[in-house]
Amino acid sequence: MNSHRPPNRSPRAIRSFVLRQGRLTRGQQRAFEQYWPQLGIDYRAQPLDLQALFGNAHPVYLEIGFGNGESLAAMARDNPHNNYIGIEVHGPGVGHLLMKLEEYDCSNVRVCRHDAVEVLRDMIPDRALAGVFLFFPDPWHKKRHHKRRIVQAEFLDLLAKKIRPGGVFHAATDWEDYAKHMLATLNASPDFHNTSSGGEFVPRPDYRPLTKFEQRGLRLGHGVWDLIFERE
Ligand SMILES: C[S@@+](CC[C@H](N)C(=O)[O-])C[C@H]1O[C@@H](n2cnc3c(N)ncnc32)[C@H](O)[C@@H]1O
């Protein structure tokens, strides 16, 4: 089990995250010990058999950077006929999600602690996903850090490979400049079309619970922009 180790880092890759240190609470530690063997996915450069992983052929949605996992756990509890793969690099967040899955008695979520870009590239079979969720990715406010934003043309090419035709990419952010960047980058992709009738943003759909990061932003008066694009 490598759940407690930081994700592999190759020296030159540009990452969308900085690995924050953080100790696991006792509850998170216990959840790791108890549930990682059943619900954890250790990174290896080999495609997963998703039907074997979940024991059924339900649609699979993947969330990148679920934070503390509260909203992923709620979504999974409310949609038992979907499967979910949650990916997050921050250990305490992973532990928190495992505790929530226990509380909700959810069996339709698998959890990976690794760089989501590498997991998508190496472990997800092509056209396997019904959707990818990216809720409140690190905005990297400063211009010199914009290259660290996860939404880039190359990232969309990777998503286009992994999302099946008719599947969705749903992103949300509370940073207007990043929202505009996402919109422009998605509009430039030949592989996706906007589901918004106005060609821009959509209201938050009922299936997306408010996230922890979002609630903090809302308290500070931030706006929220949701984008839902469909794979051609
Ligand atoms: C701003 S937080 C938002 C968390 C959560 N979605 C929310 O709304 O509360 C962004 C999260 O994405 C994670 N993250 C960023 N890049 C990632 C990557 N490439 N793979 C996995 N997790 C990533 C970070 O560790 C962080 O927890």
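In the predicted model, Leu 129 has Ile 163 of strand E6 as its bridge partner. This pair belongs to the junction between strand E5, which spans residues 129-135, and strand E6, which spans residues 163-173; the two strands run parallel and are joined by 6 bridges. Both strands form part of an open sheet of 8 strands, in which the order is E1-E4-E3-E2-E5-E6-E8-E7 and the pairing is mixed. The edges of this sheet are occupied by strand E1 (40-41) and strand E7 (192-194), and because each of these has a single partner strand, one side of each is left without a neighbour in the sheet.

Helix H3, comprising residues 70-78, lies across several strands of the sheet, namely strand E2 (60-64), strand E3 (83-87), strand E4 (109-112) and E5. Relative to E3, helix H3 runs at about 170°.

The ligand is surrounded by 17 residues, of which Ser 16, Gly 65, Glu 88, Phe 135 and Thr 211 are the closest. Polar backbone and side-chain atoms of the protein approach nitrogen of the ligand at three residues, Gly 65, Asp 115 and Ala 116. For Gly 65, a polar backbone atom is 2.8 Å from a nitrogen atom of the ligand, and for Ala 116 a backbone N or O atom likewise lies 2.8 Å from a ligand nitrogen atom. In the case of Asp 115, by contrast, the side chain supplies the N or O atom, which is 2.9 Å from a nitrogen atom of the ligand. Taken alone, the ligand exposes 600 Å², and 93% of that area is buried by the protein.

Definitions and conventions:
Residues numbered from 1 in each chain as written. Predicted model: local features only at pLDDT ≥ 70, side-chain atom pairs only at ≥ 80, totals over all residues. Heavy atoms only, no water. Pairing = 2+ DSSP bridges. Helix = DSSP H or I, 4+ residues; strand = E, 2+ residues; numbered from the N terminus. Contact = heavy atoms within 4.5 Å. Axes fitted to C-alpha atoms, helices over the stretch in contact; angles between N-to-C directions. Near = heavy atom within 4 Å. Polar contact = N/O pair within 3.5 Å; in protein donor to acceptor, adjacent residues only side chain to side chain. Areas by Shrake-Rupley, 256 points an atom, 1.4 Å probe, with all protein chains shown as cover.
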